Amino acid sequence: MQITKTEETGFCFGVKRALKTLEEAAQKHGGVETVGPVVHNQQVVDQFARLGVRVVADPDEVKGNVAVIASHGLPPQAAEKLKSRRLTIIDTTCPNVHKAQLAAKRLSEAGFWLVIFGDPAHPEVKAILGWANQQGIATLESSDIARLDKFPKRVGVLSQTTRNERQFTNFVNDLVGLLLPHVQELSVLNTLCDVTRRRQTASLELARKVDLMIVVGGRNSANTRILAEICSSAGTKTHHIETAAEIKESWLQHGKSVGVTSGTSIPDNVIDEVMLKLMEMKRRSDVGN
Ligand code: F3S
């Protein structure tokens with residue numbers, strides 16, 4: 001059995017930055033509240049809960065004096081609500097996400113109606129739409145645009161930062177065909193995150209070479225779910241796990257190769273535990289044959 005890990009795993013710079021800021025805030029202010037989980041990883045959220053960090057679903061639920069904006073960002077209207085209550089606000093929005101927010105704001109202020117390629121239920125996407133003052137739509141299906149009753153004159157297109165580049169390109173191509181006969185101006189901005197793109201490329205390359213892929217990351221993490229989809233799209237059996245405890249001996253067979261990759265909100269020690277467990281299984285499998 002051969003085990004290979006992609007070069008880049010563990011936290012991305014945006015997650016590292018968010019966690020460092022939250023840790024400092026918790027040390028300085030004691031109990032702080034994050035609006036939504038700081039990152040989409042339950043183990044990380046549990047770790048911070050031990051430092052007194054509470055997660056609330058909505059800005060209105062903040063009870064204390066310090067509110068933390070999670071790495072996925074918040075619509076400016078929600079941040080304003082917090083400010084109006086004179087709370088101390090600590091912003092851990094990833095700089096790449098903030099770039100997408102500013103792009104949405106710029107386009108909407110210039111009179112563009114926005115199409116965001118992303119999951120409408122994801123907090124990052126909801127926030128970006130908020131930065132465009134709700135002047136647009138978030139969707140993963142170009143057919144939603146085809147169904148519009150009336151086409152706006154100017155349309156701006158951008159993407160949730162962690163989406164797949166190929167799917168975004170296909171979406172944009174569909175939109176060009178659909179909208180060009182009706183609109184005066186179509187502006188496409190590439191707001192995809194570079195770290196995500198590199199991980200997707202490396203994971204796909206590895207998935208093409210191995211018999212089994214293990215993708216480590218939170219089940220509610222968009223970038224991890226997309227990595228798992230990409231690995232399966234190579235025709236390789238893929239398991240999305242959160243911890244080493246989920247790995248089953250029956251997945252691994254002697255002589256088969258295993259690839260490991262991870263989402264961007266998973267701590268290094270979890271990857272280390274996954275690698276350790278796989279190495280132990282390899283040793284047992286090698287001894288038994
Ligand atoms: Fe930011 Fe990209 Fe990480 S958007 S949080 S650097 S995956």
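Which residues are around the ligand? I began my notes with this question, keeping in mind that the model is a predicted one.

**Entry 1, the ligand.** I listed the residues around the ligand, and they are C12, F13, G14, C94, N96, T161, C193, T196 and T264. When I sorted this shell by residue type, I counted four nonpolar and five polar residues and no charged ones. I then looked up where the ligand is placed, and found that it sits in the largest cavity.

**Entry 2, the sheet with β1.** I turned next to an open sheet of four strands, whose order I wrote down as β1-β12-β10-β11, with parallel pairing. At its edges I found β1 (2-5) and β11 (237-241), each of which has a single partner strand, so one side of each is left without a neighbour in the sheet. Ignoring direction, I noted that neighbouring strands here are turned by 20 degrees against each other on average. Within this sheet I followed the pair made by β10 (residues 212-216) and β12 (residues 257-262), which is parallel and has five bridges; in this pair M213 stands opposite G259 of β12.

**Entry 3, helices on that sheet.** I looked for helices lying across these strands and recorded α8 (residues 194-209), which lies across β1, β10 and β12 and runs at about 170 degrees to β12. I also recorded α10 (residues 268-287), which lies across β1, β10, β11 and β12, at about 165 degrees to β1.

**Entry 4, the sheet with β3.** How are the strands ordered in the open sheet that holds β3? I read the order as β3-β2-β4-β5, four strands with parallel pairing. The edge strands are β3 (54-56) and β5 (88-91), and since each has a single partner strand, one side of each is left without a neighbour in the sheet. For the twist I noted an average of 30 degrees from one strand to the next. I then checked the pairing of β4 (residues 66-69) with β5, where four bridges join the two parallel strands, and where I69 stands opposite D91 of β5.

**Entry 5, helices on the sheet with β3.** Here I found that α1 (residues 13-29) lies across β2 (33-35), β4 and β5, and that this helix runs at about 155 degrees to β5. Helix α3 (residues 76-84) packs on the sheet too, touching β2, β4 and β5, and I noted that its direction makes about 150 degrees with that of β5.

Notes
Residues numbered from 1 in each chain as written. Predicted model: local features only at pLDDT ≥ 70, side-chain atom pairs only at ≥ 80, totals over all residues. Heavy atoms only, no water. Pairing = 2+ DSSP bridges. Axes fitted to C-alpha atoms, helices over the stretch in contact; angles between N-to-C directions. Contact = heavy atoms within 4.5 Å. Near = heavy atom within 4 Å. 1 Å grid on protein atoms, 1.4 Å probe; cavity = no way out; pocket = protein on both sides within 12 Å on 5 of 7 lines; lining within 4 Å. Sits in = over half its atoms within 2 Å of the grid points. Nonpolar A, V, L, I, M, F, W, Y, C, P; charged D, E, K, R; others polar.
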